[in-house]
Amino acid sequence: MARYDTNTDHAAAIALEALSFVLNEPLRAERFIDITGLTPDNLRGRLNDPATLAAILAFLEGHEPDLLACADSTGHTPEALVAARGMLEQAA
């Protein structure tokens, strides 16, 4: 199991909130799976992996309307989502 410092823990929590946002809309979820190549089974097994969590946020960054909608839905700023991705990539 990966061990995170407090800031990385916060970034991981943001990524998990973002994943919930992605998966709650079927077309967005299908696009996420198509683009990332992750299947539901291997995604579940990789939720502690900083690289996987960063990929979730990078997916949203790749389509600004999704990034903005996720920020609105989760209460995080778009900048916080982007910063969390950067932190997770450094931890990977």
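## L57 and its neighbours

L57 touches I14, A15, A18, L81, A84, R85 and L88, leaving aside residues up to four places away in sequence. Keep in mind that this is a predicted model, so everything here is about computed coordinates.

L57 also turns up in the largest nonpolar core, which has 23 residues. Along with F32, L60, L81 and L88, L57 is one of the residues that touch the most other members. Two of those names, L81 and L88, are also on L57's own contact list.

## Who builds the core

Which helices each supply at least two residues of this core? They are α1 (6-23), α4 (50-61), α5 (64-74) and α6 (78-91). The biggest giver is α1, with 8 residues.

As background, nonpolar side chains tend to be buried together in soluble globular proteins.

## R85, a charged residue beside the core

Not everything that L57 touches is nonpolar: R85 is on the list too. R85 lies in helix α6. Is R85 buried or exposed? With 18% relative accessibility, R85 falls under the 20% cut-off, so R85 counts as buried.

Leaving out residues up to four places away in sequence, R85 touches A54, L57, A58 and E61. The last of these is its charged partner: R85 and E61 form a salt bridge, with the closest N and O atoms 2.5 Å apart. This pair links distant parts of the chain, since R85 sits in helix α6 and E61 in helix α4, 24 residues apart. The side chains of R85 and E61 are also joined by a polar contact of 2.5 Å. E61 itself is partly exposed, at 27% relative accessible area, whereas R85 is buried.

## D66 and R31

The structure holds 6 salt bridges in total. Besides R85 and E61, another one to look at pairs D66 with R31, where the closest N and O atoms are 2.3 Å apart. D66 lies in helix α5 and R31 in helix α2 (residues 26-36), so this salt bridge ties together parts that are 35 residues apart in sequence.

How do the two partners sit with respect to the surface? D66 is at 6% relative accessibility and therefore counts as buried. R31, at 29%, counts as partly exposed. The pair is also part of something wider: R28, R31 and D66 are linked in a network of salt bridges.

## A local pair in α3

What joins the side chains of D41 and R44? They meet in a salt bridge, 2.6 Å from N to O. Here the partners share a helix: D41 and R44 both lie in α3 (residues 40-45), 3 residues apart, or about one turn of the helix.

Both ends are out in the open. D41 counts as exposed at 57% relative accessibility, and R44 is exposed as well, with a relative accessible area of 55%.

## How confident is the model?

The chain averages a pLDDT of 92, and 93% of the residues score at least 70. Which element has the lowest mean pLDDT, and which the highest? The lowest is α3, at 89, and the highest is α5, at 97.

Put next to the salt bridges, that gives you the D41 and R44 pair in α3, the element with the lowest mean. D66, the buried partner of R31, lies in α5, the element with the highest mean.

Conventions. Residues are numbered from 1 along each chain as its sequence is written. This is a predicted model: local features need pLDDT of at least 70, side-chain atom pairs count only at pLDDT 80 or more; totals for chains, interfaces and linings use all residues. Side-chain values use heavy atoms; hydrogens and water are left out. A nonpolar core is a set of buried Ala, Val, Leu, Ile, Met, Phe, Trp, Tyr and Cys residues joined through side-chain atoms within 4.5 Å. Buried means under 20% relative accessible area, exposed over 50%, partly exposed in between (1.4 Å probe, protein chains only). Helices (H or I, at least four residues) and strands (E, at least two) are DSSP runs, numbered from the N terminus. Contact means heavy atoms within 4.5 Å. A salt bridge is a side-chain nitrogen of Lys or Arg within 4 Å of a carboxyl oxygen of Asp or Glu. pLDDT is the predictor's confidence in each residue, from 0 to 100. A polar contact is a pair of N or O atoms within 3.5 Å; within protein, one must be able to donate a hydrogen and the other to accept it, and residues adjacent in sequence count only if both atoms are side-chain atoms.
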